[in-house]
Amino acid sequence: MARWQPVTNLRSRIIHHPPVTVFFMCLVVLAGAFISIGIYSQNHDMKNPDIVMDWNQMLASLAKLKFCSQLNDSDLLNEKPDINSPPLLTHADELINSTQQKHEVISKLLLVPLMHVGDHLDHSSISATLLGSQLGLRESAGKQLLNITLFLDIQTHSSTTDSALIQKLSNMQTRPRAYESCLMITAPSHILPQTPSPPRCPSDKIQENNISLVSTHAVQSITKSSNTPSCLSLEFTPDPKLTVLLTQDEKILARYHLLLVSIALVSLCITMCLLGTLTFSKPGRHLSHDPQKETLLG
């Protein structure tokens, strides 16, 4: 039979059944987390979790690399083989090899929010060949090759005749002030982010300045020794317009699903609390005729 002693029985359950108590607390925390996420998403923007890679992520990975025109053997030994940039490919056609013939190779010239770090700029225009894994791509995309050419501070190197256009670009509030470098990237189309891209860089800026390129080797880290040459480091300013956010309809659907799961968890917690307030015991007459206990008493 069941006896209704809520406080005493519930306290006994908590003390004598720690695993059940921990499981109950996990359910409560999980339900609270789902409810909090639903409330937060109502008035805040949230990144679309279905987008694996966007341009902000790719440019941020590019900014984590160091571009060195020369590296000695000791510096190369400190780098893992899978994060070393391969030898520079001078033509985009060379990117098409036996593993890339099925995919179209495209080139894009973009105005990107990348700036060099430091006061002195040894090379304003660099080129390098990267592995997809260096930019955060995984699986087969991480083994693909990308050609990049970066023209830093392209606005400051422009001629005075284009000052009106430069002023227009710098005054546009839709772009961060760091939008002053041009990135030419050549890669198979399927590994580039299929999300809103940075604005197109005016190609006449590059042609008019006759900028000479410097071939570099991209590494993630190098040893700080006296023989290590100066390497170019980049600073990236994220642009919210390059991040794909959940639409209003998607957020409503997500809140609906979170609400259903939260209701199910809360219902399960209430059921466990009600069962914990009950104590089930055998009748006394059954205990008196228990043969095992009679044997022990005998």
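**Notes on two sheets and their surroundings**

1. Let's start in the middle of a sheet: strand 6 and strand 7 run antiparallel and are joined by five bridges. One spot to find on screen is Thr149, which sits across from Met184 of strand 7. A word on terms: two strands count as paired if DSSP finds at least two bridges between them. Strands (E, at least two residues) and helices (H or I, at least four) are DSSP runs, numbered from the N terminus.

2. Before going on, keep in mind that this is a predicted model, where local features need pLDDT of at least 70, side-chain atom pairs count only at pLDDT 80 or more, and totals for chains, interfaces and linings use all residues. Residues are numbered from 1 along each chain as its sequence is written, and side-chain values use heavy atoms, with hydrogens and water left out.

3. Now the whole sheet: five strands, in the order 3-7-6-5-8, form an open sheet with mixed pairing. Strand 3 (105-112) and strand 8 (214-215) are at the edges with a single partner strand each, so one side of each has no neighbour in the sheet. Strand 3 pairs with strand 7 (residues 181-188) over eight antiparallel bridges, and Ile106 stands opposite Ala187 there. Helix 3 (residues 55-63) packs on this sheet and touches strand 3, strand 5 (125-131), strand 6 (145-151) and strand 7; its direction makes about 105 degrees with that of strand 7. Touching, or contact, means heavy atoms within 4.5 Å, while angles run from 0 to 180 degrees between N-to-C directions of axes fitted to C-alpha atoms, for helices over the stretch in contact.

4. Is strand 6 mostly covered or mostly open? Covered: seven of its seven residues are buried, meaning under 20% relative accessible area (exposed is over 50%, partly exposed in between; 1.4 Å probe, protein chains only). Leu145, Asn147, Thr149 and Phe151 point one way, and Leu146, Ile148 and Leu150 the other. Strand 6 is also joined to strand 5 by seven antiparallel bridges, with Leu146 as the bridge partner of Leu130.

5. Take a look at the loop between strand 5 and strand 6, where Glu139 is found. Glu139 has a positive phi of about 55 degrees, although it isn't a glycine. As background, most residues other than glycine have a negative phi. Glu139 is exposed, with a relative accessible area of 73%.

6. There is another open sheet, with four strands in the order 4-10-2-9 and antiparallel pairing. Strand 4 (114-116) and strand 9 (217-219) are its edges, each with a single partner, so one side of each is free of a neighbour in the sheet. On average, neighbouring strands here are turned by 35 degrees against each other, ignoring direction. Two bridges join strand 2 (residues 66-68) to strand 10 (residues 232-236), and Lys66 has Ser233 as its bridge partner. Helix 3 turns up again, lying across strand 2, strand 4 and strand 10 at about 150 degrees to strand 10.

7. Last, the totals. The protein has nine helices and 11 strands, and 35% of its 298 residues count as buried. Residues 24 or more positions apart make up 88% of the contacts with a separation of 6 or more.
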